[in-house]
Amino acid sequence: MRFSVYGLLFAVLLAGPALWSAQAEDSGKTVYAASASNKFMNVPGLPTCTKTVVLSGDPSKGGSLMLVKTGTGCVVPWHWHTPTEQLMVVSGRGKGEMKDGSPVMLHPGDYLSLPGKGVHQFTCIAACTFFLSSDGVFDIHYVDASGKEIPPDEALKSKGKAKMPMKKEIKEMKDMKM
């Protein structure tokens with residue numbers, strides 16, 4: 001199982017430069033990324049309801065800044081990353097859940113910092129666009145309910161397509177502190 005996760009990560013790292021069209025490296029130059037020219041792509045190992053474009057850096061080599069779009073109902077199931085992630089919402093609404101913390105509702109302008117190896121999941125409530133900054137090589141390690149690492153295909157088998165949240169989930173989200 002661990003081999004398949006590392007195999008997928010290796011494939012992403014090899015294919016990363018081809019899949020992620022970095023606009024500029026951190027070379028001390030001014031960076032301008034016109035939204036009209038952004039080519040959002042699916043990334044292997046992430047749900048198909050997420051599309052990403054790299055704005056700065058190279059996620060396969062180190063820190064990066066990505067712009068991510070997810071459809072309403074898209075869920076990135078329980079997982080963790082080695083580096084710290086910082087998420088800044090541009091549009092839409094989402095729910096961030098941390099294994100050892102209270103869930104938070106995310107709105108445009110909100111910021112969420114997720115420490116490395118902190119288990120969390122993300123649910124898009126209304127078509128989400130957000131910046132995702134990572135301070136190291138981007139990786140993703142999915143876990144089951146007991147916290148045991150599982151392969152991406154197992155974690156994503158029912159989570160890859162955007163779907164509307166159930167009425168019970170919507171009520172729970174409305175009842176959450178904002």
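**Overview: two disulfides in the whole structure.** A search through this entire structure, which is a predicted model, turns up two disulfides. Count the bonded cysteines in sequence order and the pairing reads 1-2, 3-4. The first two views take these links one by one, and the last two zoom in on a serine and a histidine.

**View 1: the disulfide of Cys 49 and Cys 74.** Here Cys 49 and Cys 74 are joined, with their sulfur atoms 2.0 Å apart. This pair ties together distant parts of the chain, 25 residues apart. To find Cys 49, look in the loop between helix H1 (2–19) and strand S1 (50–57). Cys 74 sits in another loop, the one between strand S2 (64–70) and strand S3 (75–80). Are these two cysteines buried or exposed? Both Cys 49 and Cys 74 are buried. As for the twist, there are 65 degrees about the S-S bond, and the link is right-handed.

**View 2: the disulfide of Cys 124 and Cys 128.** The other link to look at joins Cys 124 to Cys 128, at 2.3 Å from S to S. What is the handedness of this disulfide? The torsion about its S-S bond is about 105 degrees, so the link of Cys 124 and Cys 128 is right-handed. Cys 124 is buried, and Cys 128 is too.

**View 3: Ser 134 and its surroundings.** Now move along to Ser 134, which you'll find in strand S7 (residues 120–134). Why does Ser 134 count as buried? Its relative accessibility is 3%, and buried means under 20%, so Ser 134 makes the cut. Leaving aside residues up to four places away in sequence, Ser 134 touches Gly 63, Ser 64, Pro 83 and Thr 84. Check out Gln 86 as well: it is 48 residues from Ser 134 in sequence, yet the two are 6.5 Å apart in space, C-alpha to C-alpha. The side chain of Ser 134 also reaches the backbone oxygen of Gly 136, at 3.0 Å.

**View 4: His 141 and two polar contacts.** Last up is His 141, a residue of strand S8 (residues 141–143). With a relative accessible area of 4%, His 141 is buried. Which side chains does the side chain of His 141 make polar contacts with? One of them is the side chain of Asp 139, at 3.1 Å. Another is the side chain of Glu 149, with a distance of 3.1 Å to the side chain of His 141.

Conventions: Residues are numbered from 1 along each chain as its sequence is written. This is a predicted model: local features need pLDDT of at least 70, side-chain atom pairs count only at pLDDT 80 or more; totals for chains, interfaces and linings use all residues. Side-chain values use heavy atoms; hydrogens and water are left out. Helices (H or I, at least four residues) and strands (E, at least two) are DSSP runs, numbered from the N terminus. Buried means under 20% relative accessible area, exposed over 50%, partly exposed in between (1.4 Å probe, protein chains only). A polar contact is a pair of N or O atoms within 3.5 Å; within protein, one must be able to donate a hydrogen and the other to accept it, and residues adjacent in sequence count only if both atoms are side-chain atoms. Contact means heavy atoms within 4.5 Å. A disulfide is a pair of cysteine sulfur atoms within 2.5 Å.
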